[in-house]
Number of protein chains: 2
Amino acid sequence: MSTIIDNIGLLVTPEAELANAAVLIDDGYIAWVGAAASAPAADDRIDAANGCVIPGFVDSHSHIVFAGDRADEFEARMAGRSYTAGGIRRTVALTRAATDEQLLANATRLIAEMRMQGTTTVEIKSGYGLTVDDESRSLALASTLTSETTYLGAHVVPVEYADDVAGYVDLVTGRMLEACAPHARWIDVFCEDGAFDVDQARAILTVGIARGLGARMHSGQLGESGGVRLAVELGAASVDHCTFLSDADVDALAAGTTVATLLPGVEFSTRQPYPDARLLIDAGVTVALACDCNPGSSYTTSMSFCMAVAVRDMGMTPAEALRAATAGGAAALRRDDVGEIAVGKRADLVILDAPSYVHLAYRPGVPLVGRVLSGNVADVRAMAPGAA
Amino acid sequence: MSTIIDNIGLLVTPEAELANAAVLIDDGYIAWVGAAASAPAADDRIDAANGCVIPGFVDSHSHIVFAGDRADEFEARMAGRSYTAGGIRRTVALTRAATDEQLLANATRLIAEMRMQGTTTVEIKSGYGLTVDDESRSLALASTLTSETTYLGAHVVPVEYADDVAGYVDLVTGRMLEACAPHARWIDVFCEDGAFDVDQARAILTVGIARGLGARMHSGQLGESGGVRLAVELGAASVDHCTFLSDADVDALAAGTTVATLLPGVEFSTRQPYPDARLLIDAGVTVALACDCNPGSSYTTSMSFCMAVAVRDMGMTPAEALRAATAGGAAALRRDDVGEIAVGKRADLVILDAPSYVHLAYRPGVPLVGRVLSGNVADVRAMAPGAA
């Protein structure tokens, strides 16, 4: 079964932006890319209506297995009021108390939101269970939704281990890891003052890597901790946040293979300083953008919104923001089958109700995703209002 | 024909936020509001699925009769490059060259976008014609889309009058006014350094008022000009932008009947300073939020996006932002039939895919408008993905 997408006003490929283009999809993969005038025959046809076609977004950082929300905490923070209802630990308590069905329903709702907005690959972390059983069930649930699952037992130290952080690290690297590893591709740690320090992060990631998991890290959200250099040293696929970076951190990122994943939704929703994407790109660092969807610091699922903020507040051009939200995310997940429109890649495509991807930043907040095509072309569905 | 909307998780009325509520619509108007348990019988039923129900947004400031876009100008501005391709005058040239059908198709597309995102009342300005014929046709086209049409011949001085501003003011207050007034409810002027000064603005609005139009004004976007006090003095329904205000301006607004309409999309898309909504609200000024949809400084149609930015960057609470985007917009248009959920008002309602309107700021960029009901209940349609 082959399908031609034609009448593409602007097609974004790694090499060039093509006007009047077409894409041939065969059995869920991109089989041909070129000028509409020389498009090959196909069994089926999709008319892009002169819109811009971009790769599906790769959202490489989410925490969508959770219960409840923290709208009240958000409201208090925006009003400048202090709020001591527990932060992440509040979500941990609600998540532990929820049934599997409740957790899966909530995550499935958020996946549908993401997909409607053009996201075709998503990573999902655990980290609101923080017991052996609750972390492993979070990952088992997440693995029904994506192959990009990340074990984040080291999200925060749970209240019951507040006086025994070493004991919690032992759990995370011992029984919890054994229970979680079968459901996870990645291991992650929040390396930051108030969470886990560099020595603990090294211990956690090293054991996870030995167990066959790929390494990721949260660091540089609240201050410099040495976590970024550790991530590079350990060959982590990505280090996420990267607002607070030393010159040595930037040099390490530029020399290494670790992607810097920036999460503008966090800074938007917390009024913390934005990371300097311009500095990183100019230094030669590979940058990704992701939503960090979670109920505390960034409850957005909109990659377009993150791109708009990245262009306004982080020094990225629209083209850089798009690349970071697609190929950058793929690099952060070490995936070579998604994130670009090229022959051999998965047919994960977004047809925009706009003549250019620039409109994703130029028209902030507007739902411009007209149609989302993902994977096997038999799965092609109209997901968004423009295609209804 | 009556319809009950029940299973409302949270209903926002002027007096209170009601849990477990219902609304009765009869012949396009709200006939009853109260607890779901005591809802009256009706011919038809809409299940709000425990979502939050808010008034439809009233977007009291738009410029959607135009041709072309200025994505390249946006991109250059974001990159810090100077850009001298003409600004508003470039859109004027493209608009003059467009056919009626092209202008109407573009405006209709933007109206559909607005509606899909929960806007049920919209104002539309002219201002990209700047000749007698082009201004009057812009208003004639706009009047097919809304009753809230605004004559903005005094948007900028067109190139052909660059050396004869007085001559252009004569035209705006003379032949152009005569041609436009039959299609307009309002008259507006851009009172700012580089556009029209206070004396010119006074002349333009005074003549328009005498011709039976209501007065509005753009002022305080780029600096203080005295325009805000003039707007209050003349009893303008609204003065829009209001970033740069003197203490005397704030005092005048607080003592008068003129609404201060704030346009966060402009500051987001230009990186200019945000207006201080907190200061205005605390001073007792009625504040509205609007999109200012236009291809130069703010090409958004998303009232939710504007609310999110207003909460983050302008000191508004989510409840204040919602009120400004609904009742505030209604006040800015001197409309008492829209903007609130109360008996006797038009049944312009939005059912959110969220438990609270707080989520409009807490979940930036996410399309949470599940269903839009407007006017006559026979017109009820599913407009958004959640209802598809």
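Student: Before we start, what does "buried" mean for a residue, as opposed to "exposed"?

Tutor: Buried means under 20% relative accessible area, while exposed means over 50%, and partly exposed lies in between. Keep in mind that this is a predicted model. Here, Asp188(A) is buried, and Lys125(A) is buried too.

Student: What do the side chains of Asp188(A) and Lys125(A) do?

Tutor: First the general idea: side chains of opposite charge can pair when their charged atoms come close. In our case, Asp188(A) and Lys125(A) meet in a salt bridge, at 2.8 Å from N to O. That pair ties together distant parts of the chain: Asp188(A) belongs to strand β9 (residues 186-191) of chain A and Lys125(A) to strand β7 (residues 119-125) of chain A, 63 residues apart.

Student: Which residues are in the network of salt bridges with them?

Tutor: The network links Glu123(A), Lys125(A), Asp188(A) and Arg216(A).

Student: How many salt bridges are there over all chains?

Tutor: By this rule, the count is 50. Try one in chain B: Asp72(B) pairs with Arg90(B), and their closest N and O atoms are 3.0 Å apart. Asp72(B) sits in helix α1 (residues 71-78) of chain B and Arg90(B) in helix α2 (residues 88-97) of chain B, so to speak distant parts of the chain, 18 residues apart.

Student: Why does Asp72(B) count as partly exposed?

Tutor: Because its relative accessibility is 34%. Arg90(B) is partly exposed as well, with a relative accessible area of 21%.

Student: Now the two chains. How many residues of each are in contact?

Tutor: You'll find 41 residues of chain A in contact with 41 residues of chain B. The area buried between them is about 3600 Å², and carbon and sulfur atoms give 63% of it. On the chain A side, Phe268(A), Arg312(A) and Tyr362(A) lose the most area to chain B, together 23% of what that side buries.

Student: How many salt bridges does the rule find across the interface?

Tutor: Two. Glu113(A) and Arg363(B) meet in a salt bridge, at 2.8 Å from N to O. Polar contacts are counted as well: 22 residue pairs between chain A and chain B, both residues at pLDDT 80 or more.

Student: Which helix gives the largest share of the side of chain A that touches chain B?

Tutor: That's α12(A), with five residues. By class, the side of chain A that touches chain B has 24 nonpolar, eight polar and nine charged residues.

Note on methods: Residues are numbered from 1 along each chain as its sequence is written. Chains are lettered from A and ligands numbered from 1 in the order in which they are written. This is a predicted model: local features need pLDDT of at least 70, side-chain atom pairs count only at pLDDT 80 or more; totals for chains, interfaces and linings use all residues. Side-chain values use heavy atoms; hydrogens and water are left out. Contact means heavy atoms within 4.5 Å. Buried area is the accessible area (1.4 Å probe) that two parts lose on being put together, summed over both. A salt bridge is a side-chain nitrogen of Lys or Arg within 4 Å of a carboxyl oxygen of Asp or Glu. A polar contact is a pair of N or O atoms within 3.5 Å; within protein, one must be able to donate a hydrogen and the other to accept it, and residues adjacent in sequence count only if both atoms are side-chain atoms. Helices (H or I, at least four residues) and strands (E, at least two) are DSSP runs, numbered from the N terminus. Ala, Val, Leu, Ile, Met, Phe, Trp, Tyr, Cys and Pro count as nonpolar, Asp, Glu, Lys and Arg as charged, and the others, Gly among them, as polar. Buried means under 20% relative accessible area, exposed over 50%, partly exposed in between (1.4 Å probe, protein chains only).
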